[in-house]
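Q: I am new to this structure. Please take me on a close look at one part, the place where the ligand is held, and then tell me about the enclosed space elsewhere in the model.

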Amino acid sequence: MAETAYWEAIRRAHDEEMANDSMVIAMGEDIGVVGGTYKATSGLYDKYGPQRIIDTPISENSYTGIGIGASMAGMRPVIEIMSINFALLALDTLINAAAKIRYMSGGQLQCPIVMRTPGGTAHQLAAQHSARLARMFMSTSGLRVVTPRSPMDAYGMLKSAIRSNDPVIIIEHEQMYNLKEDIPDEEFFRPLEGAEIVREGTDITLIGYNFSVHLCLEAAKRLEADGISAEVVDLRVLKPIDRETIRTSVEKTHRVVVAEEDEAPVGVGSEIITGIIEDCFFALDSQPVRIHAADVPVPYNAKLEKAAIPSADDVYHGALKALGKI
Amino acid sequence: MNDADKKRLLREMMFFRRFEDRTFEAYMERKVGGFLHLYSGQEAVATGVLEMANVGKGQENDYVITGYRDHIHAIKTGAQPREVMAELYGKETGSSKGRGGSMHIFDASQNFMGGYALVGQPFPLAAGLAMAAKHKGSDQIAICFLGDGANNQGTFHETMNMASVWELPVLFVCENNLYAIGTHIDRSTAVRDQYKRVCSYDMKASQHDGMDIDTVMEAAKEAVDYVRNEQKPYFIEFMTYRYRGHSMSDAKGYRTKDEEEVWMKRDPIRLYSERLIEAGLVTDDEIKSMEKEILDEIENDVVKFAEESPEPKVEDLNKYVLDDNPDPRWIGPLQK
Ligand SMILES: Cc1ncc(C[n+]2csc(CCOP(=O)(O)OP(=O)(O)O)c2C)c(N)n1
Ligand SMILES: [Mg+2]
């Protein structure tokens with residue numbers, strides 16, 4: 001076991017997978033000589049050279065497309081997009097090509113790419129650096145979308161994503177790169193399917209993914225102080241969603257809050273709650289509650305930004321509402 | 001090139017013309033649906049360029065990729081005409097199992113990496129195929145066929161730049177037929193000569209007549225050899241013309257009969273057959289019997305196969321979305 005930061009976990013996964021398979025490469029802006037905006041590939045340029053740790057020009061759509069083309073011919077590129085906001089430029093090659101090529105070719109070809117990108121809000125980066133687009137990717141057939149909340153998952157899911165034969169989007173988070181956790185020294189993999197109960201409870205289910213799991217955990221602590229036992233579910237994976245784990249938890253607690261950092265209309269919460277209504281409507285003792293960002297472009301001003309983005313306090317109050325206490 | 005090869009090339013181009021005409025008929029009979037873009041008039045380009053590349057040898061082939069006007073590129077690379085026709089019919093025996101249709105012909109067994117509908121999207125895919133070939137140390141190259149209109153996409157500039165900086169073995173073939181649907185190149189594009197547009201990327205580029213297959217082959221040989229031997233990209237432009245509308249719903253109101261006639265006088269099949277007749281390699285009668293043979297082959301093999309093949313099963317709708325046999329070690333589910 002060694003205490004490992006989220007960014008170090010990602011770095012380690014790259015390193016091991018590149019050592020294991022010469023077809024694994026990484027590409028992105030400033031990932032080589034600089035080592036990556038969040039250090040996720042630091043030191044690897046010196047180890048693997050410019051042919052495998054590729055510094056790209058600022059051409060998101062086409063370097064993603066080059067990665068996709070290479071993957072069709074047997075390579076396993078890990079494509080870093082500096083910020084999910086910039087991934088919008090790569091949607092054509094990602095969604096119109098990578099997500100569809102297996103299908104359009106009748107299963108003859110596959111695109112085993114991994115796209116990694118931080119996809120949350122940091123502090124005062126304003127509207128063009130604060131998009132959270134998970135909901136957009138999770139609605140695209142032909143992709144896998146995963147959202148590691150911890151160094152364990154950041155490491156183990158990247159390794160699985162590189163070995164998977166499908167295009168995988170890994171949504172990381174600006175505020176989690178320095179999050180630390182003990183992870184085993186031996187190699188391990190974390191699967192690309194399945195939600196996880198990260199805290200057991202009996203009175204209410206709090207569902208989050210990526211950064212919002214931490215908001216749920218914090219809210220659960222406060223609820224505990226109030227004598228309320230909250231169960232926290234980390235979705236881990238937004239596509240495909242593990243409805244079974246959600247159903248089982250809701251059937252136990254009968255109350256549910258879904259917390260997402262994104263705006264609400266057509267969001268992750270809408271999808272999860274619809275699933276709950278379809279799967280276990282009669283298990284509910286109260287209306288489900290959605291905690292989400294305000295429907296505005298993220299403001300620069302710190303006070304406004306705070307008001308726009310959900311907090312642990314919001315999740316806590318959402319839980320009280322679901323419990324009929326406010 | 002020996003005399004037999006020359007005759008074969010003429011026959012191939014005649015076959016391609018008839019193949020496209022027959023798909024048009026099938027479309028009119030409503031046996032083929034969707035968008036259908038025909039290659040008639042441009043045959044010398046794909047036939048000539050790919051004749052100079054490694055094709056028809058399965059996995060040893062160069063990688064070939066193109067847009068939606070893709071039937072002939074696929075066949076010349078090595079796809080079976082009957083499977084391409086079956087794909088247009090939406091059949092399970094089609095080259096993409098009926099999931100792709102006319103615009104998405106794939107034949108991975110021949111390294112034909114697909115037809116794509118998004119104008120300009122194959123540029124980076126081609127560069128990626130070239131990157132993989134280079135990475136594996138194989139001597140394969142990637143060949144990307146696209147139209148003049150595609151060069152107005154950002155992917156053109158982005159990819160030319162990266163292909164040049166990274167020295168990728170990719171040949172970009174621009175089939176300049178002067179139109180993007182109904183918009184004449186002079187109305188959309190600052191320069192008509194497309195090869196001039198890559199000069200800012202420090203890449204070799206040239207322009208040639210695309211109606212004369214001998215010219216095409218001579219230029220293509222130089223370009224293919226350069227890409228393979230130097231392991232660097234090359235942009236080659238051929239001036240050509242499509243005879244039919246952009247796709248089936250196009251009444252061609254944007255161009256004149258006079259213009260069409262000027263180009264049709266230099267029809268690639270006519271030019272080449274006249275040359276072979278003059279050289280005494282074929283006679284008029286031989287050409288007529290070749291035509292008959294082709295008609296017969298397309299009717300009694302290609303179309304018959306497509307007509308008689310089964311459709312995909314509705315139960316298989318969800319196949320091929322993701323890996324259908326994923327490894328549980330990577331995919332899960334999570335052990336509770
Ligand atoms: C990204 C995108 N924009 C628009 C279209 C619609 N469209 C299809 S073909 C075409 C013209 C392309 O012209 P060109 O590249 O010259 O190829 P040609 O059809 O002449 O072979 C257009 C605008 C499309 N398919 N994809
Ligand atoms: Mg054109």
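**Ligand 1 and its surroundings**

A: Start with Arg69(B): an N or O atom of its side chain lies 2.8 Å from an oxygen atom of ligand 1. This is a predicted model, so every value here is computed from it.

Two further contacts run through the backbone. A polar backbone atom of Gly149(B) is 2.8 Å from an oxygen atom of ligand 1. For Tyr179(B), a polar backbone atom is 2.9 Å from an oxygen atom of the ligand. How much of ligand 1 does the protein cover? Taken on its own, ligand 1 has 580 Å² of accessible area, and the protein covers 72% of that.

Now widen the view to the shell. Ligand 1 has 15 residues around it. Those that come nearest are Tyr68(B), Arg69(B), Ala117(B), Gly149(B) and Asn177(B). Arg69(B) and Gly149(B) are thus on that list; Arg69(B) makes its polar contact through the side chain, Gly149(B) through the backbone. By class, eight residues of the shell are nonpolar, five are polar and two are charged.

Next comes the space itself. Ligand 1 sits in the largest pocket. That pocket holds about 350 Å³ of space. Its lining counts 25 residues, and the closest to the pocket centre are Tyr68(B), Arg69(B), Leu146(B), Gly147(B) and Asp148(B). Tyr68(B) and Arg69(B) also stand among the residues that come nearest to ligand 1.

Which strands help to build this lining? In chain B, strand E3 (142–147) and strand E5 (179–180) each give at least two residues. E3(B) provides the largest share, three residues. Sorted by class, the lining has 12 nonpolar, nine polar and four charged residues.

Finally, leave the ligand and turn to the closed spaces. The count of cavities of 30 Å³ or more is three. The largest cavity has a volume of about 90 Å³. It is lined by 14 residues, with Gly119(A), Arg132(A), Tyr209(A), Asn210(A) and Glu261(A) closest to its centre. Three elements of chain A each supply at least two lining residues: strand E7 (168–172), helix H9 (211–225) and strand E13 (256–263). This lining divides into five nonpolar, five polar and four charged residues.

To retrace the path: ligand 1 sits in the largest pocket, and its oxygen contacts include the side chain of Arg69(B) and the backbone of Tyr179(B).

Notes:
Residues are numbered from 1 along each chain as its sequence is written. Chains are lettered from A and ligands numbered from 1 in the order in which they are written. This is a predicted model: local features need pLDDT of at least 70, side-chain atom pairs count only at pLDDT 80 or more; totals for chains, interfaces and linings use all residues. Side-chain values use heavy atoms; hydrogens and water are left out. A residue is near a molecule or strand if one of its heavy atoms lies within 4 Å of it. A polar contact is a pair of N or O atoms within 3.5 Å; within protein, one must be able to donate a hydrogen and the other to accept it, and residues adjacent in sequence count only if both atoms are side-chain atoms. Accessible areas come from the Shrake-Rupley method with a 1.4 Å probe; for residues, only the protein chains shown count as cover. On a 1 Å grid over the protein atoms alone, a cavity is a set of points where a 1.4 Å probe fits but cannot get out, and a pocket is an open set with protein on both sides within 12 Å along at least five of seven lines; lining residues have an atom within 4 Å of a point. A molecule sits in a cavity or pocket if more than half of its atoms lie within 2 Å of its grid points. Ala, Val, Leu, Ile, Met, Phe, Trp, Tyr, Cys and Pro count as nonpolar, Asp, Glu, Lys and Arg as charged, and the others, Gly among them, as polar. Grid points are joined across faces, edges and corners, and a volume is the space filled by probe spheres set on the points. Helices (H or I, at least four residues) and strands (E, at least two) are DSSP runs, numbered from the N terminus.
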